[in-house]
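This briefing introduces a protein structure to a reader who has not met it before. Please look over the sequence and the structure first, and then read on through the topics.

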Amino acid sequence: MSAGPDAVDEIVVDIEGDIAVVRLNRPAKRNALNDQAILGLEAAFRTFGPGVKAAVLHGAGEHFSAGLDLSELVEVDLNAAIEHSRLWHRAFEAIEFGRVPVVSALHGAVVGGGLELACATHVRVAETSAFYALPEGQRGIFVGGGGSVRLPRLIGVSRMMEMMLTGRVYRAEEGYGFGFSHYVAPVGEGLAKAKELARKIAGNAGRTNFALIQALPRIAEGDRAAGYLMEALMSAIAQDDGEAKSRLRAFLEKRADKVAPQPD
Ligand code: 1HE
C-alpha cells in the first residue's frame, strides 16, 4: 500500500507456503503508523487467500513500531479524531478477528499504537531488545487503537494506568512476566521463532483455530450460560470434522505425538 510519488510501501506482504508474513516497512520513521499503514494493514489482513493458514507480523529496522505517526495528529478536529480512532479499531479488528491466527515478532520500541497493534495479535514473541510504553500519557493524548479495551485484559487496568500516568517503560523480560509477550527470544531470532510458531499453528485443524480466535474470546467475555452453550456447540462442530476424527484415530493407534514439555 502506498501513495504519492515518493511513497514507500508501508506494509509489505510475502506469502511463504501457508504463512503470510506482513512487515511494517517504514524503518526510517521507526514504523510510525500513518493512515496509509493502517489502511494497508486492514487490506492485508482482510484479503488473505484460502491457502493462508496463519500470519506473522513484524517490523523492518531497529524497532517494531513507534506508534501513531504524531505528525498526523497536530491539526485534526474533533470529528476527524473520532474517525481516525475508528479507522484503527476497524483495522485491528481485522487482525484480531480475521481469518487466521497471527503471531507477532516484537523488537526495539513497541510503544503507543505499536503496542496496541501488538495486542491485537494472538501470539507475541519478543526479542530481548523489546521495550513497551504508552507515551500517550506524556504527549497529552489517550490511547485510540483499542488499547483501553485490549491492554487491561492482558496486563490489568492498574498497570496500564500506572504506565500512562508515569511514562513507565518495561523491558522484554519484565514484560514477559506481565503478559506482553508469550516468548522471549535472543536478538535477531524473533522472526524465525514467530515463523516456526505460525507454521505449527497452520498445521492445526482449521475448525480448532476458528474456535480459538473467534469463539474463545467471545466466550471469555460473555456470560457463563451463553458461554457453556457456545462451548458445547463449538466443540461438537470441531469434533464432527473428518480432520478431528483422523487426528483422534492417529493418537489411539499410537501414530501421534504425545504431550511433552519442550526442550529449552
Ligand atoms: C516519528 C515517530 C512517531 C519516530 N511519529 N515520527 N509514539 C511516541 O511517542 C514514540 C516516539 N518515538 C520515539 O520515542 C523514538 O523515535 C523511538 C524510541 C521509537 C526510536 O528512537 P530512535 O532514536 O531510534 O529514532 P528517532 O531519531 O527518534 O526517530 C527517527 C525518525 O522517526 C525521526 O524522524 P526524522 O525525519 O527526524 O528522521 C522521528 O521524528 C521519526 N519518528 N517516532 C512520527 N511516533 C491510535 S492512538 C496511538 C497513539 C500513539 O501511538 S502516541 C505514541 C506515539
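Does Arg150 count as buried or exposed by its relative accessibility? At 11% relative accessibility, Arg150 counts as buried, where buried means under 20% relative accessible area, exposed means over 50%, and partly exposed lies in between (1.4 Å probe, protein chains only).

This is a predicted model, in which local features need pLDDT of at least 70 and side-chain atom pairs count only at pLDDT 80 or more, while totals for chains, interfaces and linings use all residues. Residues are numbered from 1 along each chain as its sequence is written, and side-chain values use heavy atoms, with hydrogens and water left out.

**Two domains and their interface**

- The domain assignment of the protein gives domain 1 (11–202) and domain 2 (206–252), such bounds being taken from an automatic or database domain assignment.
- The C-alpha centres of domain 1 and domain 2 lie 27 Å apart, and nine residues of domain 1 are in contact with six residues of domain 2, contact meaning heavy atoms within 4.5 Å.
- About 590 Å² is buried between domain 1 and domain 2, with carbon and sulfur atoms giving 53% of this area; buried area is the accessible area (1.4 Å probe) that two parts lose on being put together, summed over both.
- Of the area that domain 1 buries against domain 2, Phe97, Pro101 and Arg153 supply 63%, more than any other three residues.
- The rule finds one salt bridge across the interface of domain 1 and domain 2, a salt bridge being a side-chain nitrogen of Lys or Arg within 4 Å of a carboxyl oxygen of Asp or Glu.
- Glu221 forms a salt bridge with Arg153, and the closest N and O atoms of this pair are 2.8 Å apart.
- The side of domain 1 that touches domain 2 has four nonpolar, two polar and three charged residues, where Ala, Val, Leu, Ile, Met, Phe, Trp, Tyr, Cys and Pro count as nonpolar, Asp, Glu, Lys and Arg as charged, and the others, Gly among them, as polar.

**Salt bridges between separate parts of the chain**

- Side chains of opposite charge can pair when their charged atoms come close.
- By the salt-bridge rule the count comes to 13, and one of these joins Arg90 to Glu42, with the closest N and O atoms 3.4 Å apart.
- Because Arg90 lies in helix H2 (residues 78–96) and Glu42 in helix H1 (residues 35–46), this pair ties together parts that are 48 residues apart in sequence; helices (H or I, at least four residues) and strands (E, at least two) are DSSP runs, numbered from the N terminus.
- Arg90 is partly exposed, with a relative accessible area of 41%, whereas Glu42 counts as buried at 10% relative accessibility.
- Glu93 forms a salt bridge with Arg150, the closest N and O atoms being 3.9 Å apart, and the pair links distant parts of the chain, with Glu93 in helix H2 and Arg150 in helix H5 (residues 147–155), 57 residues apart.
- Glu93 counts as partly exposed at 39% relative accessibility, while its partner Arg150 counts as buried at 11%.
- Asp241 forms a salt bridge with Arg207, the closest N and O atoms again being listed, at 3.9 Å apart.
- Asp241 lies in the loop between helix H10 (224–239) and helix H11 (242–252) and Arg207 in helix H9 (residues 206–221), so this pair ties together parts that are 34 residues apart in sequence.
- Glu42, Arg46 and Arg90 are joined into one network by salt bridges that share partners.

**Buried residues in strands**

- Val22 lies in strand S2 and counts as buried at 0% relative accessibility.
- The C-alpha atoms of Val22 and Leu41 are separated by 8.3 Å, although the two residues are 19 residues apart along the chain.
- Leaving aside neighbours within four places in sequence, Val22 is in contact with several residues, including Leu41, Phe45, Phe48 and His58.
- His58 lies in strand S3 (residues 54–59) and counts as buried at 11% relative accessibility.

**Positive phi outside glycine**

- Asn31 has a positive phi of about 55 degrees although it is not a glycine; Asn31 is placed in the loop between strand S2 (19–24) and H1, and is buried, with a relative accessible area of 2%.
- Lys254 has a positive phi of about 60 degrees although it is not a glycine; Lys254 is placed in the segment after H11, and counts as exposed at 75% relative accessibility.
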